[in-house]
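This report introduces a structure to a reader who has not met it before. Please look over the sequence and the model before reading on.

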Amino acid sequence: MNVLTPARESWLIAERDLRHWRREPWTPVFGILFSIMLVLVFGYLFGGAVALPGGGDYLAYLLPGMLALSMMFGVESTMSAMATDSRKGITDRFRSLPISGVAVPLGRVGADLLNSSLQLAVLMAGGLLVGWSVDGGVGDVALAVVVLLWLRLAVLWVGVFLGLTFRAEGALTAVQVLVWPVGFLSGVIVPPETMPAWLGAVADLNPVSATAAACRELFGNPTGLTDGLLAENALVMALIWPAVLIAVFVPLSVRAYRRLGA
């Protein structure tokens, strides 16, 4: 076997998932519409009541946060897909083939990342249509997109591990419920500085907060930060947190895949 074989095997697995989405596009479409709905609800119903530390337009603050939150929400769909394949015996059929142990989870991650890129482009275009403005340079905007997809990549590996480890229907429901407090206990909707001190410190440590803050800086939008951990280190933290998650969950996912049926 040559070194390109696992990559080629992973692409074949990814193509299977992409074909499934072409036949049934409702899951990614619903995800996009749901994110747009959140922007409209928070931006237009509650936005007038939010004052940002350091000043600035709330909608410009909100949009990068919503982009980061939409990247985090990928954990449930990936977990659901992996758990469903496992319950139906599809994963067992893959394991019976002479392919690399990393090919199936990597293929799933690759397909989800391509879908996420399309979702991100649609959300950014929708944000521009509702009045969001980007003042950063082309290079900064491109880096912001990379930072968002970097978080998504890490979250996808978390979803793969959870789907291979907790395959019951109840486990998916539990993760769907827990994603909300984890996502909102961050700087996505409101600046951590407006929270009680202990809660703001917890929100600062949320990887979604780091990604949102870094993207606000790169897009040239208000950060809502005047002090604290992220005020000077947002981009560094936005790169480190996903790297840590990937370093932990890639080997755990491969191990969980290889142990299926053992």
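The sections below move from the whole chain to selected details.

## Overall architecture

The structure is a predicted model. Its protein chain contains eleven helices and zero strands, so that reading along the sequence gives the pattern α-α-α-α-α-α-α-α-α-α-α.

Of the 262 residues in the protein chain, 50% are buried. The accessible surface of the chain amounts to about 12,400 Å², and carbon and sulfur atoms contribute 69% of this area. Among contacts in the chain with a separation of 6 or more, 83% join residues that lie 24 or more positions apart.

## The salt bridge in helix 6

The structure holds one salt bridge. It is formed by the side chains of Asp-112 and Arg-108, with a distance of 3.0 Å from N to O.

Both partners belong to helix 6 (residues 103–129), and because Asp-112 and Arg-108 are four residues apart there, about one helical turn separates them. Asp-112 is buried, its relative accessible area being 4%. Arg-108 is likewise buried, with a relative accessible area of 9%.

## Thr-78 and its surroundings

Thr-78 is located in helix 4, which spans residues 74–87. Its relative accessibility is 0%, and Thr-78 therefore counts as buried, the cut-off being under 20%.

Which residues does Thr-78 contact, once its neighbours within four places in sequence are left aside? They are Arg-108, Asp-112, Leu-156, Gly-159 and Val-160. Two of these residues, Arg-108 and Asp-112, are the partners in the salt bridge described above.

## Packing of helix 4 against helix 7

Helix 4 packs with helix 7 (residues 138–165) at an angle of about 35°, and the two axes are 7 Å apart. The crossing of these helices is right-handed. On the side of helix 4, the contact involves Gly-74, Val-75, Thr-78, Met-79, Met-82 and Ala-83. Helix 7 contributes Arg-152, Val-155, Leu-156, Val-158, Gly-159, Val-160, Leu-162, Gly-163 and Leu-164.

Thr-78 thus appears in this contact, and its own contacts include Leu-156, Gly-159 and Val-160.

## A nonpolar surface patch

Val-236, Ile-240, Val-244, Val-248 and Leu-252 make a nonpolar patch on the surface, with an area of about 370 Å². One of these residues, Val-248, lies in helix 11, which covers residues 229–258. Val-248 is partly exposed, with a relative accessible area of 40%.

Conventions
Residues are numbered from 1 along each chain as its sequence is written. This is a predicted model: local features need pLDDT of at least 70, side-chain atom pairs count only at pLDDT 80 or more; totals for chains, interfaces and linings use all residues. Side-chain values use heavy atoms; hydrogens and water are left out. A salt bridge is a side-chain nitrogen of Lys or Arg within 4 Å of a carboxyl oxygen of Asp or Glu. Helices (H or I, at least four residues) and strands (E, at least two) are DSSP runs, numbered from the N terminus. Buried means under 20% relative accessible area, exposed over 50%, partly exposed in between (1.4 Å probe, protein chains only). Patches are made of residues with over 30% relative accessible area and no salt bridge: like charges are joined within 9 Å, nonpolar side chains (Val, Leu, Ile, Met, Phe, Trp, Tyr) within 5 Å. Accessible areas come from the Shrake-Rupley method with a 1.4 Å probe; for residues, only the protein chains shown count as cover. Contact means heavy atoms within 4.5 Å. Axes are lines fitted to C-alpha atoms, for helices over the stretch in contact, and angles run from 0 to 180 degrees between N-to-C directions. A crossing is left-handed if the near helix is turned anticlockwise from the far one by less than a right angle, and right-handed if clockwise.
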